[in-house]
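Student: Could you help me understand the charged pairs here? I would like to see how each label is earned.

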Amino acid sequence: MKDTVSDELSTRLDISHKQLLQMLGGSTDVIVKEYLLEENTRIALFYIDGLIDMNLFHTSVLYSLLENSSPELNRLDPEQKIELLKSRILMAGSLSVIHGYKQFMHDLLSGNVMLLLDGSSSALRMGLPGWEDRNVSEPNSQAVVRGPMEGFNECLRVNTALVRRKIKSSHLWLETFQIGRVTQTDVSIMYLNNIANKELVQEVKRRLQQIDTDSILEGGYIEEFIQDTALTPFPTIYNSDRPDTIASGILEGKVAILVDGTPFVLLAPTFFIAFFQSAEDYYQRADIATLLRLIRFLAFFLTLLAPSFYVAVTTYHQEMIPTTLVISLAAQRESVPFPAFVEALIMELTYEILREAGVRIPKNIGQAISIVGTLVIGQAAVAAGFISSAMVIIVSITAISSFVIPESGMSIAARMIRFLFIGLAGFIGLYGMICGVIILVLHLAGLRSFGMPYMSPLGPSVPSDMKDFVVRFPWPKMRTRPAENKTQNPVRQSTPKRRKPES
């Protein structure tokens, strides 16, 4: 920070007052109130309008200063006055003495009331944050039928409290950093000190501290800075707006990264299978959870391969289709002017445009537009001979399947790769699809998340972790935490005692 003055606060109140207002450019939301407590005790209170709780300011600060002021202040030197105000007069929630313009500005702009005393080069910080924020509500991105219905919001302290409600342990440690030269965004990490791998925690800290940028406005900024590689469409850091999901990850030895201003919390490291697991899997019986996971994997493969398989079979491998179906498809495509490859591209691009438009369209007309886009346009395209009915069915199944994947990052990755598979199927047929699948598997096998294999426990194989892979074992059977996390304490529960059958 390059200033024309020293970072040390002036002992003269009028000079400090002038310098601070000059640094803030005379901003109209900066409020300064000066008071004379005793004959020779002048103070000034600084705060940002809209960032503090005004009720607490009047009751805990102004009332304490004006009603509880002590004549003893006249007999003390300035530094002793600061200590007396902190220990005996003020009743604000959190009080601390700070030094320097830089720290003063950071605390002021973070929603604190700052007190300057004439004659002292120190300032008193009073934590009275009171800005408007969204109430804790149901999470939007990862809804469940059974389970907690509370989600994170944009306030960092609310989010840390929601996690602490789930994990009431003194080993749950919280560390906070300020990242962003201009925004000075609070970024916190949460982990269980007696479970999380020490090297993992240090690596997360190192990557966060290496970030040198002007601004951090959302967790996505952090994700791109700390991921192992950017040369992949697959997400290598998990994010969720559900406190129970984040608490579950912390209990498995992972590190949570919370960013002020966003309801999405990051988890590191993460693995491919995590994007097919839902919080609801652990609240249902094991057999139900297993069935749901199998459905999600089926939906993933449909999203990824259904259009390309249709293009390959109808273009190059008609002998694989039953005769009756071949005749039906030929009749449908008789009036279609495009080959199946071009037809699939047109329909997939149209769907992606409609999907993106659905996000931006105002809610009061969004339903009407979606009906027009899906029913009217689709039916008109088929009636005009522009698109075949079979292709509309394939694209519809693909679109619906993409919503089955619990985490949106994996769904987006599948949608992106789908176009590559359509291209391979259009030019080489099933052979191209098989080559594409092989390349995709090799790519996944080479990915790392904070140095750990992305495809674990499948590759490298970790048999002990297969109990929570595609098939979820009952809770009494899942004694240990995932071995790939290399936790300090791998045992999560004792072996259940067998009860003797009653005679």
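Student: How many salt bridges does a search of the whole structure find?

Tutor: The search finds 20 salt bridges. This is a predicted model, where local features need pLDDT of at least 70 and side-chain atom pairs count only at pLDDT 80 or more, while totals for chains, interfaces and linings use all residues. Residues are numbered from 1 along each chain as its sequence is written, and side-chain values use heavy atoms, leaving out hydrogens and water.

Student: What makes Arg42 and Glu34 a salt bridge?

Tutor: The term asks for a side-chain nitrogen of Lys or Arg within 4 Å of a carboxyl oxygen of Asp or Glu. The closest N and O atoms of Arg42 and Glu34 are 3.5 Å apart, so the pair fits the definition.

Student: Lys166 and Glu150 also meet in a salt bridge. Why is Glu150 called buried?

Tutor: Buried means under 20% relative accessible area, exposed over 50%, and partly exposed in between (1.4 Å probe, protein chains only). Glu150 has 15% relative accessibility, so Glu150 counts as buried. Lys166, with a relative accessible area of 34%, is therefore partly exposed.

Student: How do you know that Arg181 and Asp214 form a salt bridge?

Tutor: Their N to O distance is 2.6 Å, so the pair meets the cut-off. Arg181 lies in the loop between β6 (172-179) and β7 (185-192), and Asp214 in the loop between α6 (198-209) and α7 (219-226), so the salt bridge ties together parts 33 residues apart in sequence.

Student: Which residues are linked in a network of salt bridges?

Tutor: Glu203, Arg206, Arg207 and Asp228 are linked in that way.

Notes
Helix = DSSP H or I, 4+ residues; strand = E, 2+ residues; numbered from the N terminus.
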